[in-house]
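Colleague: Hey, have you got a minute to walk me through this one?
Modeller: Sure, pull it up and ask away.

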Amino acid sequence: MAYPIPEPQYTPGKAFERLISILDTLRIACPWDRKQTMDSLRLLTIEELYELTDAILEKDYQEIKKELGDVMLHLLFYAKIADEQQQFNVVDVLNAICDKLVVRHPHIYADTQVENEEDVKNNWESIKLKEGNKSVLSGVPKGLPALVKAYRIQDKVRGVGFDWDDKAEVWAKVEEELAEFKNEFNLTDTVAVDQEKAEAEFGDLLFSLINYARHLGINPENALERTNTKFIKRFSHLEKRANEKGQDLKDMTLAEMDVYWNEAKKL
């Protein structure tokens with residue numbers, strides 16, 4: 001049986017309804033879509049989110065548009081499954097986020113006065129605590145990658161005033177942690193390394209560096225991913241040039257590799 005194809009729509013509400021209509025049909029007629037559960041979709045959603053972040057870093061707007069659609073489909077899919085289980089529906093989801101935004105922005109929808117972005121963030125965290133959150137950090141997902149989690153933890157506690165005001169103090173902490181790590185785990189020392197202690201000290205150093213980046217307005221996750229991408233491009237050039245010359249990387253010296261690496265840096 002061929003179902004009628006919903007026509008393209010040109011207002012946000014109608015386009016949204018079109019996607020819901022298509023999802024409703026797929027849930028009935030497609031064996032794969034019919035089989036999906038929240039659990040089965042979870043990892044696929046994470047993959048879609050990473051694809052979206054890749055497109056954002058590349059500033060590829062056509063790809064961003066496509067990936068946003070994929071993520072939106074997943075969000076509606078969860079709401080559809082919940083509706084089938086009589087838990088909630090997409091209208092409940094949309095009204096819930098609207099209600100939360102109104103409550104969390106009293107400087108817009110009430111008479112609270114704010115001076116700047118920091119005041120807004122501080123109000124946000126205070127309201128969350130009044131709503132029943134037991135801790136400022138309760139909103140940080142346990143499953144976040146460690147780098148992102150560290151950044152979010154620091155940003156959260158800043159909302160209640162637990163932070164340095166002076167960047168110089170933050171950098172002093174970085175230097176303190178670096179000195180401790182270097183003094184205890186000097187590469188020239190032949191003494192066996194206590195791996196557990198080294199890992200703990202290195203974690204402290206990373207945490208302090210992330211904190212300094214935050215004070216500079218740098219998102220450490222974005223910064224590291226840009227460096228990863230840059231490294232991959234340069235190393236790929238190195239591999240390509242070595243292959244063109246009939247060279248095997250395993251047989252090359254680091255100095256020979258550096259010639260191609262420096263070529264890549266100039267491109």
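Colleague: Is Arg152 buried, partly exposed or exposed?
Modeller: Arg152 is partly exposed, with a relative accessible area of 31%. Keep in mind that this is a predicted model.

Colleague: What does Arg152 form a salt bridge with?
Modeller: With Asp155, and the closest N and O atoms are 3.2 Å apart. The two sit three residues apart in helix H8, so about one helical turn separates them.

Colleague: And Asp155, buried or exposed?
Modeller: Asp155 counts as buried, because its relative accessibility is 15% and the cut-off is under 20%.

Colleague: Why would side chains like that pair up at all?
Modeller: Opposite charges can pair when the charged atoms come close.

Colleague: How many salt bridges are there in the whole structure?
Modeller: A search finds 15. One of them joins the side chains of Arg158 and Glu118, at 3.4 Å from N to O. Arg158 is in helix H8 (residues 146-158) and Glu118 is in helix H7 (residues 117-130), so this pair ties together parts that are 40 residues apart in sequence.

Colleague: How exposed are those two, Arg158 and Glu118?
Modeller: Arg158 is partly exposed at 24%, and Glu118 is partly exposed at 26%.

Colleague: What about Lys173, which residue does it form a salt bridge with?
Modeller: Glu177, with the closest N and O atoms 3.3 Å apart. Both lie in helix H9 (residues 167-184), four residues apart, or about one turn. Lys173 is partly exposed at 26%, while Glu177 is buried at 7%.

Colleague: Which residues do salt bridges with shared partners join into one network?
Modeller: Glu118, Arg158, Asp163 and Arg214.

Colleague: Okay, what does the side chain of Asn211 make a polar contact with?
Modeller: With the side chain of Arg214, at 2.5 Å. Asn211 belongs to helix H10 (residues 195-215) and is buried, at 9% relative accessible area. Farther along the sequence than four places, Asn211 touches Gln154, Asp163, Trp164 and Val170.

Colleague: New topic: which residues make up the largest nonpolar core?
Modeller: Eight of them: Leu23, Leu41, Leu76, Phe77, Tyr78, Ala79, Ile81 and Val90. Helix H4 (residues 61-84) gives the largest share, five residues.

Colleague: And which residues of H3 are buried?
Modeller: Leu41, Thr45, Glu48, Leu52 and Ala55. H4 is part of what covers them. H3 runs over residues 38-58 and reaches 30 Å from its first C-alpha to its last. Just after H3, Lys59 takes a positive phi of about 55 degrees.

Conventions. Residues numbered from 1 in each chain as written. Predicted model: local features only at pLDDT ≥ 70, side-chain atom pairs only at ≥ 80, totals over all residues. Heavy atoms only, no water. Core = buried A, V, L, I, M, F, W, Y, C linked by side-chain atoms within 4.5 Å. Buried < 20%, exposed > 50% of the residue type's maximum accessible area, 1.4 Å probe, protein only. Polar contact = N/O pair within 3.5 Å; in protein donor to acceptor, adjacent residues only side chain to side chain. Contact = heavy atoms within 4.5 Å. Expected span 1.5 Å × (residues − 1). Salt bridge = Lys/Arg side-chain N within 4 Å of Asp/Glu carboxyl O.
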